[in-house]
Amino acid sequence: MTNPQTSTNNREVSSFRDPSGFVFFNNEEVYRQANNLYADDLDHAITSGLFAKLLEQKLILPFEEVSVEEFAHDDAAYKVFRMEKVPLITYPYEWSFAMLKDAARITLEIQEIALDHGMTLKDASAYNVQFVEGRPVFIDIFSFEKFTETPWDAYRQFCQHFLLPLTLISKVDVRLNLLSKDFVDGIPLELGTKLLPFRTKLDPRLVLHLHAHAVSQKRNAQKNITSVTKPKFDLNAMRGLIASLSGIVSGLCWKEGTEWGDYYENTKNYDDASFDEKKRIVGEIARARDWKNVWDLAGNSGVFSKVLAEHVDRVVLMDIDPMAIDHFYTHDAKDNTSIQPIVFDLTNPSPAIGWGNVERSSFFDRSQPDAIVALALIHHLVIKENLPFLYVAKLLSELSTELVIEFVPAHDSNAQKVINGRDEQFAFYTQENFEKAFAQYFDKQNAYTIEGTARTIYHYKRS
Amino acid sequence: MFMFLVLALTVLVLPHDAHAYLDPGTGSYLIQALLAGLFGGLYLVRVFWGNIKYFVSTKLLGKKQPSNDESSDIDKQ
């Protein structure tokens, strides 16, 4: 088997494992080249109606075939397809529980449809799924091969990328989803199952797909039976396996996320009039500008993202709290398709990882906003995280030319919570010092006091 | 003849699908191979569940078929 990679020019750096084809760029468009060795399977995916069905069900990213003579990246090309662009690439360690569960669900749904058309998925990586307009879509159109009554090659990968992280969130702690950042091929079965509580060994399906699976993988790591003979695994067995996995995935829930779901509806820092006034101010600023892409930092469950979305093309709703992101994704994402939610920690943003430290890019490389909105955040950064005003101002000025930021004074009840009696230590935390620091990187356009509160919203432009 | 045999053996020994680039893991294959029958059986039970329920309730437990009898009674009236 050859690995035809004649040139890395314009190729997507993460698209190299599958010899069937790869992603490349040309004139700001995204293309997928199917190599000659994939011709047979690709033709079957087309003629069997699989592609048509997946496109009709909106499970796969839309694409169209283009002239191979005109667009081929190299001589190995069989066919070339132009792909619709994903507005913002996100990674599984940036997703909330409901997002990961949805991505798992459509992967299994797509496998079932593939089986209806005599095909099966070669891989089941979480990186094959992206979120577009509030819904998961499958992006790797060359992931299909003819089903030849052999076990599912992607079973291990599905368990490591989807089932194990979902089970760890559900049964242990939501923060364990971040393990995906350190393990680029999903959480290793042997490691992840060690973290599961004993009660997961009482569920026969979890015992089978996770615990026994991990033990079997470990015990047989040095053995090599597959190159000699492939065990028979007929269509019913495959359907049964997929049905079993679907059953567990749909039954997994994140209790904390559900219980706290309504918390955000009811919690406000000020009275209704002040809250509405804050929304009015943010809307007024956004309306007057021609912003295409805005970050709503610490946007919680998206109240202000929705205001911004009325006036800008795209909003990225970013919050460190997976509960808030889960709440937005579950209740609001489909009705607010220009808002992309992600779990995000400004003090530790997603780094570049993987091969060459470029395979999965840093968040800052993936998104460059026209403006950043940072409401009810500064006191967390400066007081809780001990970041000097100047550091916050500097970073924000490097990330965007415009900034809408709310100053939360020391005597505000929320600021008092994080000061936690350490008044002397944070005596420097004043509006004057805030303004001085930000003046070093920004020019103030306007300052709006929020009636009924002691807070001020500033609109800055980078100097 | 000898070359033909060598070629035939090579086909048997090498993996059949050249496109499965991913290492499936021997352990993963074993689990699936061992439980192929179970998965297949459970799937068939799920597909034919309606038939199974009907069989159990009518043939094994001797319950009457409900809707057909009622309608024929009504017709007789």
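## A tour of the spaces and contacts

Begin by selecting T120(A), L121(A), E145(A), K146(A), F147(A), T148(A), T150(A), P151(A), W152(A), D153(A) and M238(A), which line the largest cavity. Here a cavity is a set of points on a 1 Å grid over the protein atoms alone where a 1.4 Å probe fits but cannot get out, and a lining residue has an atom within 4 Å of a point. Two elements of chain A, strand 5 (119-121) and strand 8 (144-146), give two or more residues to this lining; helices (H or I, at least four residues) and strands (E, at least two) are DSSP runs, numbered from the N terminus.

Before moving on, note that this is a predicted model, in which local features need pLDDT of at least 70 and side-chain atom pairs count only at pLDDT 80 or more, while totals for chains, interfaces and linings use all residues. Residues are numbered from 1 along each chain as its sequence is written, chains are lettered from A and ligands numbered from 1 in the order in which they are written, and side-chain values use heavy atoms, with hydrogens and water left out.

The largest cavity has a volume of about 60 Å³, a volume being the space filled by probe spheres set on the points, which are joined across faces, edges and corners. Its lining divides into 5 nonpolar, 3 polar and 3 charged residues, where Ala, Val, Leu, Ile, Met, Phe, Trp, Tyr, Cys and Pro count as nonpolar, Asp, Glu, Lys and Arg as charged, and the others, Gly among them, as polar.

The whole structure holds 2 cavities of 30 Å³ or more, so select the second largest cavity next by choosing P92(A), A126(A), Y127(A), Q160(A), H161(A), P165(A), S180(A), F183(A), V184(A) and G186(A), which line it. About 50 Å³ of space lies in this second largest cavity, and its lining has 6 nonpolar, 4 polar and no charged residues. Helix 5 of chain A gives the most to that lining, with 3 residues.

Stay with helix 5 of chain A and select R156(A), which lies in this helix, together with D185(A), which lies in the loop between helix 6 (179-182) and helix 7 (189-194), 29 residues apart. The side chains of R156(A) and D185(A) meet in a salt bridge at 3.3 Å, N to O, the term meaning a side-chain nitrogen of Lys or Arg within 4 Å of a carboxyl oxygen of Asp or Glu.

For the second largest pocket, select E12(A), S14(A), R32(A), I139(A) and R360(A), which lie nearest its centre among the 40 residues that line it. A pocket, unlike a cavity, is an open set with protein on both sides within 12 Å along at least five of seven lines. About 1,000 Å³ of space lies in the second largest pocket, and strand 1 of chain A supplies the largest share of its lining, 4 residues.

Finally, colour the two chains separately and look at their contact (heavy atoms within 4.5 Å), which takes 41 residues from chain A and 28 residues from chain B. Chain A and chain B bury about 3,100 Å² between them, 63% of it on carbon and sulfur atoms; buried area is the accessible area (1.4 Å probe) that two parts lose on being put together, summed over both. How many salt bridges are there between chain A and chain B? The count is 0.
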